[in-house]
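Open the model in your viewer and keep the selection tool at hand. The stops below say what to select next and what is there.

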Protein chains: 2
Amino acid sequence: MATIRDVAKQAGVSIATVSRVINNKGKIKQETETTVREAIKKLNYIPNKVAQGLSNQRSNAVAFILPSISNPFFPEMARAVEDVAQQHGYHVFICNTDDKREKVLNYLDNLATHYVDGIILNSHIIKEADLEKLRNNNISIVMMDRVLEHEETTAFAVKNRAGGRKATEHLLDVGCKRVAHISGVTDIPTAQDRMWGYLDVVGTLPWYDTSYISRSDFTVEGGYQAAKELFMRHPEVDGIFAGNDLMAIGALRAAHEWGKAIPNELAIVGFDGIDMSALTTPPMTTVQQPIYELGELAMKELLGHMNDEAYEAKTVNLDVELIIRETTMRTQQN
Amino acid sequence: MATIRDVAKQAGVSIATVSRVINNKGKIKQETETTVREAIKKLNYIPNKVAQGLSNQRSNAVAFILPSISNPFFPEMARAVEDVAQQHGYHVFICNTDDKREKVLNYLDNLATHYVDGIILNSHIIKEADLEKLRNNNISIVMMDRVLEHEETTAFAVKNRAGGRKATEHLLDVGCKRVAHISGVTDIPTAQDRMWGYLDVVGTLPWYDTSYISRSDFTVEGGYQAAKELFMRHPEVDGIFAGNDLMAIGALRAAHEWGKAIPNELAIVGFDGIDMSALTTPPMTTVQQPIYELGELAMKELLGHMNDEAYEAKTVNLDVELIIRETTMRTQQN
DNA sequence: ATTATAAATATAACCGGTTACATCATTGTT
DNA sequence: AACAATGATGTAACCGGTTATATTTATAAT
């Protein structure tokens, strides 16, 4: 592979001149530039990213750290991040962590020595202190779904609690008498917030007790199991608010198996609004997050952060919207 | 961030010694090693990946190039690739190309200058010649779903044509009289092969003509549209073999809207066996590819390739399996 | 024509590692 | 005691870029 020295030799100039041509820096005689460009073309020269990285201490790359590539929510968001990044000449490293603290920290260290310029971090297990090293290395960070205590970090999230309320209220509105909740991993704040939203609505109703909450894990399989348990524990349940769409899909599956008619015998609401939610049978009512917008905003914010000295951290909480589909469109009320 | 020079100073040795300690190379006095390790720990030193990359001309990273992160098939495979890679200390760059030739070539160039050690390439638009540069740079390649003419490249694929036959035969077996096909982008070999499989079975039947094939694009939306067109053109269609699961899901959606009972009025078979296929309502009969295994084998093969001088290219064609679920479990035959 | 000033290019140091080769310290041989 | 062989460590070149500074060349001013 041709190096800058090869090009310099070919064009009969110094490597500095070649570098200037490549980067449009400094003054170059028109004629020289032409010669150099020809040499570049002739040798099929592409600047070595690694060498550039070492020299510049930056890579023109950012990382998108996600807990689970199997939950379409994150790939959907990653798409938006990629789109924006690409428009600005950045590459995106997608890093899958299974939300294991060790893996996340490992990535964080490695990414720093890769000179990534910024990181969009989807992880609840990371503490403010873990980010210090990155900051010292001048790596910008945007947190998703996680507002850190010390507000030195920009964070994007949605109004999970309000979303949980909307979902639960809606189930009551369509006539559900006993609304259960399948929660995500309960030490994840988003899962907690959605649960709190649920509790805001049903927590004080006479029939409610904690056995109406089934703790699960944000996966389809988990939602399926959780729903089955609920059916056994509370056959009277006629509405379920699931903490995310995957679990809602699992619950739907369980309901079909159990022979419960959707939505008349059992209404279900999910959360996230992944593409898939519109494609279940019947289509799923869900609390739609602005997924693409989240990714887009996060990446734009990161760009601003990376290129602006005087950047100021902010916390953004986007609204969510209840999308009513057929899993709650009852034709009769029991 | 601490550098190797900082460590050397701290430990009172030369940088060469530190390097030797890090890489377990050459003879080091036990005592010296201890001192160095203490210095490393004290300074929280992590070798700079970029500098290592430049020096070693390798990165301990591989790339997984996929056409669409929105088709869960690829993330599912990526998972397997990541699992294996991680076990062997490799990082995986996931590169999304939308299967645009320009984007793919761009990635290929860039990855070379990133010193990636290997590439798993999911792309049908790449020709043998495009890979030459990579080979010159000693970058190993494994192709997926694409057997190149000159067999210098290792390629993994599944028996798409046989799969297409299985799917179509199954539809006839359950009593379908008019079986249509929704094909993927027809200049993609996998899509073609599946179509050929379909034609092997119905191509010579008296009722068949090409209008029973609807060309689509491997997306849910595309499958949805294609199915609708089919319903208009051929209301008598009672079986659809879709070229992948996403399109099958779209077709299912269309069928529901059209009021066609699944599976009795219309049976559907997909292809791929993505997780989602088991979760539709009713669950989708599909031709299961060994997705995880594919990713696992590909990555293992790549590892072998990267670490073995005398590596020999091979072509592997894995079997597919028809998974019968409810979209074809008819209770009555029309 | 001579000098000051600006423009264009080259030289060399640097980014942070790896490693061939040189050097110095030990230990073993005769 | 003298020398060879081996072990342990250091020096310096190199990977392929960028860029501050030095140097050369062209242009303007006197």
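## At the DNA

Start with helix 2 of chain A, which gives six residues to the surface near DNA strand D, the largest share of that surface. The model you are looking at is predicted. Now select DNA strand D itself: 28 residues surround this strand, and the closest are I4(A), S19(A), A16(B), K27(B) and T32(B). To see which elements line the strand, colour helix 2 (15-23) and helix 4 of chain A and helix 2 (15-23) and helix 4 (49-56) of chain B; these give two or more residues to the surface near DNA strand D. By class, that surface has twelve nonpolar, twelve polar and four charged residues.

Move to DNA strand C. Of the 28 residues around DNA strand C, those that come nearest are A16(A), K27(A), T32(A), I4(B) and S19(B). Helix 2 of chain B gives the most here, six residues. At least two residues each come from helix 2 and helix 4 of chain A and from helix 2 and helix 4 of chain B. The surface near DNA strand C divides into twelve nonpolar, twelve polar and four charged residues.

## The two chains

Select chain A and chain B together. How can chain A be laid on chain B? A turn of 180 degrees with a shift of 0.1 Å along the axis does it, with an RMSD of 0.1 Å. The two copies are thus related as by a two-fold rotation axis. To find that axis from chain A, select T281(A): its C-alpha is the one in chain A nearest the axis, 2.6 Å from it. Both copies use the same surface, and 100% of the contact residues of chain A recur in chain B.

Next, show the contact between the chains, which takes 35 residues from chain A and 35 residues from chain B. On the chain A side, helix 4 (49-56), helix 5 (73-87), strand 2 (91-96), helix 6 (101-113) and helix 11 (245-258) each supply at least two residues. Helix 4 of chain A has the largest share of that side, five residues. The side of chain A that touches chain B is made up of 19 nonpolar, eleven polar and five charged residues.

Stay with T281(A) for one more detail. A cis peptide bond joins T281(A) to P282(A), with omega about -10 degrees. P282(A) lies in the loop between strand 9 (267-272) and strand 10 (285-288) of chain A.

## Domains of chain A

Hide chain B and colour chain A by domain: the assignment gives domain 1 (4-47), domain 2 (58-158 + 291-317) and domain 3 (160-289 + 322-328). The centres of domain 2 and domain 3 of chain A, taken over C-alpha atoms, are separated by 30 Å. Their contact takes ten residues from domain 2 and 13 residues from domain 3. On the domain 2 side, helix 5 and helix 12 (291-307) of chain A are the elements that give two or more residues. That side of domain 2 has five nonpolar, two polar and three charged residues.

## Helix 11 of chain B

Bring back chain B and select residues 245-258, which form helix 11. At 1.5 Å a residue, its 14 residues should span 20 Å, and the end C-alpha atoms are 19 Å apart, which agrees. Is this helix mostly covered or mostly open? Helix 11 of chain B is mostly covered, with eleven of its 14 residues buried. Among the buried residues are D245(B), M247(B), L252(B) and R253(B). The cover includes strand 6 (179-183), helix 10 (220-233), strand 8 (239-242), strand 9 (267-272) and strand 10 (285-288) of chain B.

Step just past the helix to G259(B), which takes a positive phi of about 80 degrees. In the loop between helix 11 and strand 9 of chain B, select P263(B). A cis peptide bond joins I262(B) and P263(B), with omega about 5 degrees.

## Two loop residues in chain B

Select Y115(B), in the loop between helix 6 (101-113) and strand 3 (118-122) of chain B. Y115(B) is not a glycine, yet its phi is positive, near 60 degrees. Y115(B) counts as buried because it has 23 C-beta neighbours inside 10 Å.

End at F218(B), in the loop between strand 7 (213-215) and helix 10 of chain B. F218(B), also not a glycine, has a positive phi of about 75 degrees. With 28 other C-beta atoms within 10 Å, F218(B) is buried.

Conventions
Residues are numbered from 1 along each chain as its sequence is written. Chains are lettered from A and ligands numbered from 1 in the order in which they are written. This is a predicted model: local features need pLDDT of at least 70, side-chain atom pairs count only at pLDDT 80 or more; totals for chains, interfaces and linings use all residues. Copies are superposed by least squares on the C-alpha atoms of residues with pLDDT of at least 70 in both. Two residues are in contact if their C-beta atoms, placed from the backbone, lie within 7 Å. Helices (H or I, at least four residues) and strands (E, at least two) are DSSP runs, numbered from the N terminus. Ala, Val, Leu, Ile, Met, Phe, Trp, Tyr, Cys and Pro count as nonpolar, Asp, Glu, Lys and Arg as charged, and the others, Gly among them, as polar. Domain bounds come from an automatic or database domain assignment. A residue is near a molecule or strand if its C-beta atom, placed from the backbone, lies within 6 Å of it. The expected span of a helix is 1.5 Å times one less than its number of residues. A residue is buried if 20 or more other C-beta atoms lie within 10 Å of its own, exposed if 12 or fewer, and partly exposed in between; C-beta atoms are placed from the backbone.
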